[in-house]
Amino acid sequence: MSTRGESGQPASGEEYNPGPATPPRQAATVILLRGGAERLEVLLVRRTPQARFMGGVWVFPGGAVDAGEGDGDEAHRAAAIRELREEAAIELEGPDGLVKFSRWITPAQVRTRFDTHFFLAPLPPEQEPQVDGEEVVDLGWFTPEAALQAHSEERIVLVFPTIKHLEQLSAFGSVEALLDY
């Protein structure tokens with residue numbers, strides 16, 4: 001499924017860059033988990049269709065590192081915690097609860113680039129995510145397989161990094177098994 005705009009041109013985030021590579025912006029994402037030892041579900045949020053970048057796409061909560069958040073791993077962890085709070089109203093106790101999972105850098109051939117650090121975090125007790133209604137307009141808990149199925153049936157739009165993470169996560173039967181790994 002394409003995320004092309006109404007003009008038929010690639011949507012923001014897919015624009016070809018024929019010139020010198022754009023330096024990637026530092027970013028962080030949280031793959032929020034629930035299910036304990038019984039199952040594995042992940043939180044996906046739907047970006048507003050009006051967004052300049054990846055409008056209407058279902059993603060893990062995340063975004064760019066702010067200048068005041070510093071550099072390196074500390075900055076990525078701070079951005080991950082802030083973005084999860086802003087986009088899903090989930091408060092993590094601190095950066096130590098984040099488990100580094102992967103790093104994706106957008107290819108140089110794409111105009112809008114990110115160097116994104118993905119973290120795992122279990123849903124804190126007695127918290128439930130909520131959409132902010134501006135940047136994020138919907139959310140859902142999915143097993144990795146169910147999210148991939150919804151995408152293949154064109155019920156939700158996913159992008160390549162999300163698809164690849166879901167494929168990788170589908171190998172685990174529970175949050176506990178994933179975090180033990």
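This is a short tour of the structure, going from the whole chain to two pairs of aromatic rings.

Keep in mind from the start that the model is a predicted one. Begin with the whole protein in a cartoon view, where four helices and seven strands make up the secondary structure, arranged along the sequence in the pattern β-β-β-β-α-β-β-β-α-α-α. The radius of gyration is 16 Å, close to the 16 Å that the globule rule gives for 181 residues, so the protein is as compact as a globular protein of that length. Along the principal axes, the C-alpha atoms fill a box of roughly 45 × 40 × 30 Å.

Next, switch on the surface, of which the protein exposes about 9,500 Å², with carbon and sulfur atoms supplying 49%. Of the 181 residues, 46% count as buried. If you then colour the charged side chains, you will have 16 positive and 29 negative ones, and the centres of these two sets lie 7 Å apart.

Now turn to the aromatic rings, which form four pairs. Select Trp 58 and Phe 142, an edge-to-face pair with 5.9 Å from centre to centre and 85° between the planes. This pair links distant parts of the chain, since Trp 58 lies in strand 3 (residues 58-59) and Phe 142 in strand 7 (residues 136-142), 84 residues apart. Trp 58 is buried, at 8% relative accessible area, and Phe 142 is buried as well, at 15%.

Finally, select Phe 172 and Tyr 181, a tilted pair with 5.3 Å between the ring centres and 55° between the planes. Here Phe 172 is buried, with a relative accessible area of 17%, whereas Tyr 181 counts as exposed at 75%.

Terms used:
Residues numbered from 1 in each chain as written. Predicted model: local features only at pLDDT ≥ 70, side-chain atom pairs only at ≥ 80, totals over all residues. Heavy atoms only, no water. Helix = DSSP H or I, 4+ residues; strand = E, 2+ residues; numbered from the N terminus. Rg over C-alpha atoms; globule rule 2.2 N^0.38 Å. Buried < 20%, exposed > 50% of the residue type's maximum accessible area, 1.4 Å probe, protein only. Areas by Shrake-Rupley, 256 points an atom, 1.4 Å probe, with all protein chains shown as cover. Lys, Arg positive; Asp, Glu negative; His and termini not counted. Charge placed at Lys NZ, Arg CZ, Asp CG, Glu CD. Phe/Tyr/Trp six-rings, centres within 6.5 Å; stacked < 30°, edge-to-face > 60°.
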